[in-house]
Amino acid sequence: WLEFRRVLFRSFFYIDNNNSYIYYQGAFLNVKKVGDISDEAFKDINNSLNTDIKNIGKEENKGIYLTLKQSRKSNGDGIFTDESYRTLWISYKNNKIQPIEESKGIIFPRMNGIWTLDKKVLNTNGKHQEYLIANTIDRKNKQEKIQIKSDKDIYRNINFIGNNYISTEIYEGDDFNNKFPKFEILPVDNTLVDKGLVIQDIYSKEINHIYKRDYSNAYSQLTSREKNTLKKYIDYSNITLKRDKGKWVLEAKISPSNDNGYSFNYNLSIKPNSKLVKYDALVIPWRVLKNEFPFMKDAYISPDGRMAIIILEDELLVYNISGGRLSKEPVERYPLKNGEKVIMAEWCERDYVDYWGNAFKEFKKEMNKEG
């Protein structure tokens, strides 16, 4: 009922009682008549409309979880640190941007609530084996006993976190040198799967011919010398997500025949679907933002088009947007660490802002206790 009341402000296209359309938030919704509305209901609608008219100019509350990762670094003697992660909570309430909050670790939203993601290490028989554990924020999601079947070292980096999937890159071998010869996408509900998902698990079998075409195009660009160092078969699971010009894009890899050898990455012409990314739009085009911020690395704009987050090399800037233009000065600034990249960005609006904000405070308390 509430959503119907809101779409009264959008465009309605009447064809007949069984086939009409509403244009809402950039999409056409097919609707049909299911009954008549009583005079009493019209009074309720009018009262609601009058309330909305009074609130015109008053922005909806909104917020974003933004997770950043800092890459591994060499400690010398062939030893590398792990990736480090921190999550920011940026929110707009009571007609103003709230102070940015930060917590180490990863907290992310799903359709069934707020979850956390932890990197763990299993040391067995002198082997270093990294794995991921996803859990509800109240830790009620039971995990199976950890059993890693490989007899080799395993190093895993996180490239992207979404509602259903975690995109990673992995090294499995005995001579880790901070190179990752393979991509893997893991389901959030079972991060301990033996193998990454193939692309048809996320789309359908029909997507394979596009993947094969993109692979063939990329492979044809390689020199004979490069081809001799790479695996000769198509791996439909060798995919990840990355940021490119303010968008999440799918990237594939042709893996080396030698674990520490040269690998070849290429963009897929397949757009991330709603299973991977729920919202990823820039109401102000990338080229326009880039003209204003020549050193910009990334950008995010809220679903209502009223708040922008600009990522520079060493700083995060928050701007209000009015009339399709950024405010003259940022309303918030936040320092970034050297080489930090965004691996998760999820927005919420209205009543969810308080829910996400409270969950973030509890998560931060828990992480501070762990030290």
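Okay, let's start at Thr136, which sits in strand β12, residues 127–136. Bear in mind that this is a predicted model. Is Thr136 buried or exposed? Its relative accessibility is 17%, and buried means under 20%, so Thr136 counts as buried. Look at its side chain and you'll find two polar contacts. One goes to the side chain of Asp138, at 2.6 Å. The other goes to the side chain of Asn135, at 3.4 Å. And what does Thr136 touch once you leave aside neighbours within four places in sequence? That would be Ile114, Trp115, Thr116 and Asn141.

Strand β12 comes back when we look at pockets. The second largest pocket holds about 810 Å³ of space. Its lining has 32 residues, and nearest the centre you have Glu172, Glu184, Val193, Asp194 and Lys195. Which elements give two or more residues to that lining? They are β12, β13 (153–161), β14 (165–173) and β15 (182–187). The biggest giver is β14, with 3 residues.

Let me zoom out for a second. The protein has 7 helices and 24 strands. It runs to 371 residues, and 45% of them count as buried. If you take the contacts with a separation of 6 or more, 54% are between residues 24 or more positions apart.

Next, a sheet. Here we have 3 strands in an open sheet, ordered β16-β17-β18, with antiparallel pairing. Which strands are at the edges? Those are β16 (239–244) and β18 (264–267), each pairing on one side only. On average, neighbouring strands here are turned by 40° against each other, ignoring direction. If you want to follow one pairing by eye, take β17, residues 247–254: β17 meets β18 over 4 bridges, in the antiparallel sense. Find Lys253 and you can step across to its bridge partner in β18, Asn265. There's also a helix on this sheet. Helix α4, residues 208–220, packs there and touches β16, β17 and β18. The direction of α4 makes about 130° with that of β18. As a quick refresher, strands in a sheet pair through backbone hydrogen bonds, and they can do that parallel or antiparallel.

Now on to β21, residues 315–322, which has several partners to go through. Why do I call β21 largely enclosed by the rest of the structure? Because 6 of its 8 residues are buried. Start with β20, residues 307–311: β20 and β21 run antiparallel and are joined by 5 bridges. Those two strands form a hairpin, with 3 residues in between. On that pairing, Ile309 stands opposite Val318 of β21. Val318 also stands opposite Glu332, in β23. So much for single residues; as strands, β21 and β23 (residues 332–335) pair antiparallel over 4 bridges.

Then there's β22, residues 325–326, joined to β21 by 2 bridges and again antiparallel. The bridge partner of Ser322 in β22 is Arg325. How many residues lie between β21 and β22 in their hairpin? There are 2, and Gly323 in the turn has a positive phi of about 60°.

Speaking of positive phi, here are a couple of residues that aren't glycine. Asn95 has a phi near 65°. You'll find Asn95 in the loop between β7 (84–93) and β8 (96–97). With 44% relative accessibility, Asn95 counts as partly exposed. The other one is Arg350, with a phi near 55°. Arg350 lies in the loop between β24 (341–349) and α7 (352–370). Its relative accessibility is 30%, so Arg350 counts as partly exposed too.

Last stop, Ser91, over in strand β7. Ser91 is buried, with a relative accessible area of 4%. What's around it, leaving aside neighbours within four places in sequence? Ser91 is in contact with Lys62, Gly63, Lys96, Ile97, Gln98 and Val353. If you're scrolling along the structure, Lys96 and Ile97 are the two residues of β8, and Val353 falls within α7.

That's my tour, thanks for listening.

Terms used. Residues numbered from 1 in each chain as written. Predicted model: local features only at pLDDT ≥ 70, side-chain atom pairs only at ≥ 80, totals over all residues. Heavy atoms only, no water. Buried < 20%, exposed > 50% of the residue type's maximum accessible area, 1.4 Å probe, protein only. Polar contact = N/O pair within 3.5 Å; in protein donor to acceptor, adjacent residues only side chain to side chain. Contact = heavy atoms within 4.5 Å. Pairing = 2+ DSSP bridges. Axes fitted to C-alpha atoms, helices over the stretch in contact; angles between N-to-C directions. 1 Å grid on protein atoms, 1.4 Å probe; cavity = no way out; pocket = protein on both sides within 12 Å on 5 of 7 lines; lining within 4 Å. Points joined across faces, edges and corners; volume = space filled by probe spheres on them.
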